[in-house]
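Hi everyone, thanks for coming. Have a look at the structure on the screen, and I'll walk you through two parts of it.

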Amino acid sequence: MRSRVTRPVVRRIRTRRRGAHWLFATSALLMSTSLAARPAAAQPPAPAPAVQPAGLIRFDIPAGALDDALRLYEATTGLAVDVRLPADTLHMMQSPGVSGMATLDGALEALLDGTALVVTGRASGVITVDLRGVSESVQVTGRLPHVPSPKYATPLASTPQTIQVISQGVMNEQGAFTLSDAMRNVPGITLQAGEGGGASGTAGDMFNMRGFTAANSLFVDNVRDDGLITRDVYNLEQVEVYLGPTGADVGRGNAAGYVNMTTKAPRLGDSYTGTISAGSADTRRATADVNVQVPLGESGTWLGGTSLRLNALWQQGGIAGRDYAENARASVAPSLALGLGTPTRVVLQGQFTRQDNVPDYGIPGAAWTAPLAPASVLASRPVSQQTYYGSPEIDYDDATQTSVTARVEHDLSPRWSVRHQTRYNDTSRDAVVTAISAVASFVAADETVAFSRQVNRRDNTILSNQTTLTGRLSTGPVAHALTAGVELVGESYSAPGFTGGGTRLPESIHAPNPFTPIADFAPVPSGATTDGTTRTLALSAFDVATVGRLQVNGGVRVERYDTEYRALATAGLRTDLDARDAIVSGKAGVLLQLTPMANVYASFGRTVTPPGSGNFALSAQPNNANNPFVDPQVSRHLEVGAKWDLFRRRLSATVALFDTRNENVIYTIDATTVPPLFNQDDAQHLQGATVGLVGQVTDRWSLMANGAWLDGRQDSQNVAIDRRQLTLMPAWSGSLWTTYAVKGFTAGGGIRFSDRVFVNTANTIAVPAFHLVDAVASYAVNAHLTLRLNGYNLTDEVYIRSISNNGGRYMPGLRRSVLLSTQVGF
């Protein structure tokens, strides 16, 4: 344990704030210095001459608005074009079009002829286009959404799968701070509060997707990220949510899918952006994003394509509607890119984060208006939802995260490229918490609650190496987009045990005293510990075959995993368990282009969930899903859908129907026998539908709307839960976010709805449905300064944001709040 747990609280708080102010001042100085030092008329180096590919492609793009022409180019080639100009500017530009057989570069040059635009860079299937000889630029928000993963060779409109992309622009507009904030745009998501007592493995971003836990399903730049920390979005380009079993992409997983966060990387050109925000609950936040092109060599050479980028964050404040709880974090993310705009590109990235929170483990379940557990007894009178049950003078939840990434990309030819990425991530969490651990913690006779005191520490480390080969070729009339990869990953965790967390006497549920002395508080290692490692070697291959209007794709991943679990109890009892096996995951799909604007598709996916894949924890209990000798759970997913573009390709519409079945679920016939009598004939069955609208209705009107209907059921031999709804799964959910801009003013807002969710498998206890209304208003003072005001939960609805797995405690939803932001950009 850190020795500072015994320091007086006054000293601790002052130390933290003094450091926070220092970081805030430094960030502001850095931003001001960068802006002042910016060359007034710096010219970027001339773009490297395009290398003409030997292959020819047929194009049929008519003359017209440039944005329409580029969208048709993207649909034809499968490449993404990143134009550094406002969308309305693109619409005013005219393109002469291109018709007939042409190379990729030749067609693009023809489309740009007469527009003063040139290609300034190429990387990972993305072509960057900017004004010739102009250093100032802003990134377009109107281009087609795409995912940077090399495993997806076609635009989203031509991908036979439900993928939702939450862009940096939307997150900024909504004032989203964390991954959980961003995920509120995805229907079917339910936040989790973890275990009743707040164990060491339950912290950070935790949620269910479509009724299945998303534990161990978070990725950064396509590498698994299982650290227990709240993930901030300040250094993200976008968040991608891949729904349904997707084991072919990432290996071991679950029936829900996974979330990938794409980080910011250096680019050609100079840009300077800073945001300062202040709001309810004394929230203060500052971010900076500085990208500087630093040519180290002659124009067009490898060293000439050098850029630096620095993202920084500082935040401190409380939580709207909660007393004493506080969130504080600081982070910096430097990065360097070499060879931009050349066939060989190298990117080095780092992110260093510190989190220093006063934790809030919620409110006793007895404080809600209805029972949240079968044995729950309610308080005799209402309990304020602001009531805090922690010990802010002693409790803390601190975490650090260090991430380093090195990525090398080389174009072997105009159609073939190879990419290698090495990523190291280390996350440590150190916490002392006060929690209500169970339903029985509330004593109805005197209306008091008993407190659980816990000292937690957990360290997670991952080292990933990924090598990917991508290319395009033709076999007769069939065009292929191929991807092959190898991945070697080592993951580990360690969670030592502690004793001496202290004792806090029971107190009134209505008026607990957060400053009640904690007796016998002297944390020391108990001698108990648990640790685990998983080593994975995986091979994968994907192909997208296109002939005419028909597209057929498929992918397979074969991986060999080796998991080791070690547990040492305080009494010296040691448990050593190992699980190793080879698993195969795959997917296949067929897509038919009905018109240039509309596609229909059908797809299949398969994912395997082996023992210990969620948290490294293996079990010797025979009838436990994490026993090394039970069969892994297998999820199969069928989906049919349609995707089409509206309003001259400004708005994308999607609809999908799906059927997911998770099999090999354990059913215990008789737990009293030795060993227990069980089988794996139970299953979980999910059917549903999703709809979505994303994009620009007009140049001024933007829209993002998503909805889902889910019908998830238990297929069990236990009649008490058979055909019952999956827990923490809303049958109906959706979100709407829309804005309208006119003469520098932008106004809009949104609404989020989540149906009731059941807490227990028998479906006798439910968390009520809720809907939240948010709003935004902004004004562009000039081309460089924007003021924005966000309002959250405007109706001040009282709701449950998350609940523990035993119903003993819950986190109340955030109350009405506001956030005022000032954004500067050059």
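Let me start with a word I'll need: a residue is buried if its relative accessible area is under 20%, exposed if over 50%, and partly exposed in between, using a 1.4 Å probe and protein chains only. Helices (H or I, at least four residues) and strands (E, at least two) are DSSP runs, numbered from the N terminus. This is a predicted model, where local features need pLDDT of at least 70, side-chain atom pairs count only at pLDDT 80 or more, and totals for chains, interfaces and linings use all residues. Residues are numbered from 1 along each chain as its sequence is written, and side-chain values use heavy atoms, leaving out hydrogens and water.

So, which residues of helix α4, residues 104-112, are buried? They are Leu104, Asp105, Ala107, Leu108, Leu111 and Leu112. Down the axis of α4 these fall within an arc of 165° (taken from the directions from the helix axis to the C-beta atoms), so they line one face of the helix.

And what does α4 meet? In α2, Leu66, Ala69, Leu70, Tyr73 and Thr77 meet Leu104, Ala107, Leu108, Leu111 and Leu112 in α4, with contact meaning heavy atoms within 4.5 Å.

Now the strands, which pair if DSSP finds at least two bridges between them. Strand β33 (residues 633-646) pairs in the antiparallel sense with β32 (residues 598-609) over twelve bridges, and threonine 609 has glutamine 633 as its bridge partner. With β34 (residues 651-670), β33 makes 13 bridges, again antiparallel, and lysine 643 is partnered by threonine 654. In that hairpin, four residues lie between the strands, and phenylalanine 647 takes a positive phi near 50°.
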